[in-house]
Amino acid sequence: MAKLTDSQTKFLKTQGIPLSQVFDATGMKSSEYKQIMKDIGMVVAIGVTPCDALGHTLRTRHGHCVQCGTHNLAFLKRYDDLGTIYVAKDSSSKLVKIGTAKDASGRENSLNRFGYGGSNDWQIQFTQQCDRAGRIEFHVHQTLSPYRVSKSYWKQGRLGSV
């Protein structure tokens with residue numbers, strides 16, 4: 001059985017991951033531990049192959065290094081947490097955006113402020129607070145993927161894409 005180092009324990013604590021959410025994947029293939037972790041709702045695996053970048057051995061249930069990319073943990077937390085699903089529409093381009101936010105009106109402001117998708121007249125059309133908001137967002141995006149539009153736009157001086 002793998003044992004957490006002091007450094008790993010400290011890292012998990014700073015990220016708000018309880019030890020009850022750490023899965024020992026020692027001796028398992030990645031496809032094996034990923035499925036088990038998903039089935040039982042675990043967040044971080046130990047006893048896995050080291051990451052290529054810095055040799056870390058803490059991974060998400062999707063196999064991403066959590067120490068190199070803490071955003072992977074943020075995504076997983078959002079995936080299973082209570083949140084608000086929103087549907088926003090841009091009246092000029094007729095684009096629709098579906099996402100999650102803690103504050104939908106704040107999200108509307110940021111979509112307009114940053115000119116998301118090259119537009120700045122986004123309006124929130126619908127909101128619904130729900131459990132597992134990130135999971136619902138993910139499934140909606142998968143279902144609607146045949147209708148996805150790719151579009152480039154400038155955000156804070158950088159070229160972005162929708």
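**Exercise 1. Cysteines**

Cys-51 is buried, with a relative accessible area of 8%, in this predicted model. Determine how many disulfides the chain has and why Cys-51 is not bonded to Cys-65.

*Solution.* Begin with the cut-off, which asks that a pair of cysteine sulfur atoms lie within 2.5 Å. The closest cysteine sulfur to that of Cys-51 belongs to Cys-65 and is 3.8 Å away, which is too far for a bond. Turn next to Cys-68, whose nearest cysteine sulfur is again that of Cys-65, at 3.7 Å, and which is in no disulfide. The count by this rule therefore comes to zero disulfides. As to exposure, Cys-51 is buried, whereas Cys-68 is partly exposed, with a relative accessible area of 41%.

**Exercise 2. The three-stranded sheet**

Work out the strand order of the open sheet of three strands, and state which strands are its edge strands.

*Solution.* Take the pairings one at a time, starting with strand S4 (residues 83-90), which pairs with S6 in the antiparallel sense over eight bridges; in this pairing Asp-90 stands opposite Trp-122 in S6. S4 also pairs with S5, likewise in the antiparallel sense, over six bridges, and here Tyr-86 stands opposite Gly-99 in S5. The resulting order is S5-S4-S6, with antiparallel pairing in an open sheet. The edge strands, each of which pairs on one side only, are S5 (96-101) and S6 (122-130). Neighbouring strands of this sheet are turned against each other by 20° on average, direction ignored.

Two details of S5 complete the solution. In the hairpin that S4 and S5 form, five residues lie between the strands, and Lys-94 takes a positive phi near 65°. S5 is itself mostly covered, since five of its six residues are buried.

**Exercise 3. Helices on the sheet**

For S4 and S6, which pair over eight bridges, and for the sheet to which they belong, identify the helices that pack on this sheet and give the direction of each relative to a strand.

*Solution.* Helix H4 (residues 104-113) packs on the sheet and touches S4, S5 and S6, its direction making about 145° with that of S6. Helix H5 (residues 133-143) also packs on the sheet with contacts to S4, S5 and S6, and its direction makes about 160° with that of S5.

**Exercise 4. The contact of H3 with H5**

Describe how helix H3 (residues 71-80) and H5 are placed relative to each other, and which residues meet in their contact.

*Solution.* First consider the axes, which come within 4 Å and cross at roughly 95°. Angles of 65 to 115 degrees count as roughly perpendicular, and H3 and H5 are therefore roughly perpendicular to each other. Then list the partners: Arg-78, Tyr-79 and Asp-80 in H3 meet Ala-133, Gly-134, Arg-135, Glu-137, Phe-138 and His-139 in H5. Sorted by class, this contact has three nonpolar, two polar and four charged residues.

**Exercise 5. The chain as a whole**

State how many helices and strands the chain has, and in what order they run.

*Solution.* The chain has five helices and eight strands, and from the N terminus on its elements run α-β-α-β-β-α-β-β-α-β-α-β-β. Its C-alpha trace spans about 55 × 35 × 30 Å along the principal axes, and buried residues make up 36% of the 162 residues. Of the contacts between residues at least 6 apart in sequence, 46% join residues at least 24 apart.

Notes:
Residues are numbered from 1 along each chain as its sequence is written. This is a predicted model: local features need pLDDT of at least 70, side-chain atom pairs count only at pLDDT 80 or more; totals for chains, interfaces and linings use all residues. Side-chain values use heavy atoms; hydrogens and water are left out. Two strands pair if DSSP finds at least two bridges between them. Axes are lines fitted to C-alpha atoms, for helices over the stretch in contact, and angles run from 0 to 180 degrees between N-to-C directions. Contact means heavy atoms within 4.5 Å. Angles under 35 degrees count as roughly parallel, over 145 as roughly antiparallel, 65 to 115 as roughly perpendicular and the rest as oblique. Ala, Val, Leu, Ile, Met, Phe, Trp, Tyr, Cys and Pro count as nonpolar, Asp, Glu, Lys and Arg as charged, and the others, Gly among them, as polar. Buried means under 20% relative accessible area, exposed over 50%, partly exposed in between (1.4 Å probe, protein chains only).
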